[in-house]
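The following note sets out several points for discussion with a colleague. The points follow the sequence and structure shown here.

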Amino acid sequence: MQHSEINELGDAAVRSQVERVLQSKSFEGSAVHRRLLQFLADHALAGDAGQLKEYTLAVDALGRPTTYDPRHESVVRIQVGRLRSKLTEYYQAEGVQDPIRISLPKGGFQLFFEEALAASAAPAPAGKMRPVLILLAAALLLAVGYSAWATLRLNAALGNASATEEAWTPELHEFWEPFLASKRPLAICFGTPIFLNYPSHVFARFSGTNTWADIQASPAYAAMARALP
């Protein structure tokens, strides 16, 4: 964010937000990241954050010796990456209701400040939108396929209407009419419980048994088998 845009938010509001983050629980155990955040914020407010170099951060913000060599040391890149992660974590928890969001984009050392409302209303990056678009396309194809299937089923049902009417006898109508005409919710349950057939047309049902193996393991079956060889 350019310094002119910081002015639109107001230096006082930006400084207040920086202080709020510095005093948060997310940063209370990390003096290094508090110092680094304060350093970057001061330069952003001064308007020269775009000129910051890795060497400057190492010596002035992190207290490294003047012999620091960015070609052989990576402490600045590591700590900046950790600061970026801590800012993300802060705004996902403690700072979710804060009026101003602070971010540290990759590839530089310049902090960005923006109103939380604008940040939440910003369009999602194309990379993040791609999975959503794929899901929407899949849902659309599924809906079209289901509509085609339902249409075919409906046409088949209409073609078999005469056969259904022939099978609908007065006795069936008399049986079902009280249920179908009722205004109360109707639930029809179909079950296929297993029964054991004994001679002389005796059928036995053993509670909790639904397979032949269940019946053979049932104590009730063993007792009945002894009584009715």
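**Arg-64, helix 3, the cores and a pocket**

1. Arg-64 has a relative accessibility of 32% and therefore counts as partly exposed, since that class lies between the 20% limit for buried and the 50% limit for exposed residues. The model under discussion is a predicted one.

2. Arg-64 belongs to the loop that runs between helix 4 and helix 5. Setting aside neighbours within four places in sequence, Arg-64 makes contact with Ala-58, Val-59, Glu-73 and Val-75. Between the C-alpha atoms of Arg-64 and Val-75 the separation is 9.2 Å, with the two residues eleven apart along the chain.

3. The length of helix 3 can be checked against expectation. This helix covers residues 31–46, and because each residue should contribute 1.5 Å, its 16 residues should span 22 Å; the C-alpha atoms at its ends are 23 Å apart, in agreement with that value. Just after helix 3, Gly-47 adopts a positive phi of about 90°.

4. Which residues of helix 3 are buried? They are His-33, Leu-36, Leu-37, Phe-39, Leu-40, Ala-41, Ala-44 and Leu-45.

5. The largest nonpolar core comprises 32 residues, and within it the most contacts belong to Leu-40, Leu-57, Leu-111 and Phe-113. At least two residues of this core come from each of helix 2 (11–22), helix 3, helix 4 (54–61), helix 5 and strand 1. Helix 3 provides the largest share, seven residues.

6. Leu-40 merits separate mention. When residues up to four places away in sequence are not counted, Leu-40 touches Leu-52, Leu-57, Leu-83, Leu-104, Phe-109 and Leu-111. A second core, separate from the largest one, has six residues, among them Tyr-198, Ala-204, Phe-206 and Ile-215.

7. The second largest pocket holds about 180 Å³ of space. Two elements give two or more residues to its lining, namely helix 5 (75–92) and strand 1 (100–103). The largest share of that lining is from helix 5, with five residues.

8. Residue by residue, the second largest pocket is lined by Arg-84, Leu-87, Thr-88, Tyr-91, Gln-92, Arg-101, Ile-102, Ser-103, Leu-104 and Pro-105. How many of the lining residues fall in each class? Five are nonpolar, three are polar and two are charged. Leu-104 appears in this lining and is also one of the residues touched by Leu-40.

Definitions and conventions. Residues are numbered from 1 along each chain as its sequence is written. This is a predicted model: local features need pLDDT of at least 70, side-chain atom pairs count only at pLDDT 80 or more; totals for chains, interfaces and linings use all residues. Side-chain values use heavy atoms; hydrogens and water are left out. On a 1 Å grid over the protein atoms alone, a cavity is a set of points where a 1.4 Å probe fits but cannot get out, and a pocket is an open set with protein on both sides within 12 Å along at least five of seven lines; lining residues have an atom within 4 Å of a point. Grid points are joined across faces, edges and corners, and a volume is the space filled by probe spheres set on the points. Helices (H or I, at least four residues) and strands (E, at least two) are DSSP runs, numbered from the N terminus. Ala, Val, Leu, Ile, Met, Phe, Trp, Tyr, Cys and Pro count as nonpolar, Asp, Glu, Lys and Arg as charged, and the others, Gly among them, as polar. The expected span of a helix is 1.5 Å times one less than its number of residues. Buried means under 20% relative accessible area, exposed over 50%, partly exposed in between (1.4 Å probe, protein chains only). A nonpolar core is a set of buried Ala, Val, Leu, Ile, Met, Phe, Trp, Tyr and Cys residues joined through side-chain atoms within 4.5 Å. Contact means heavy atoms within 4.5 Å.
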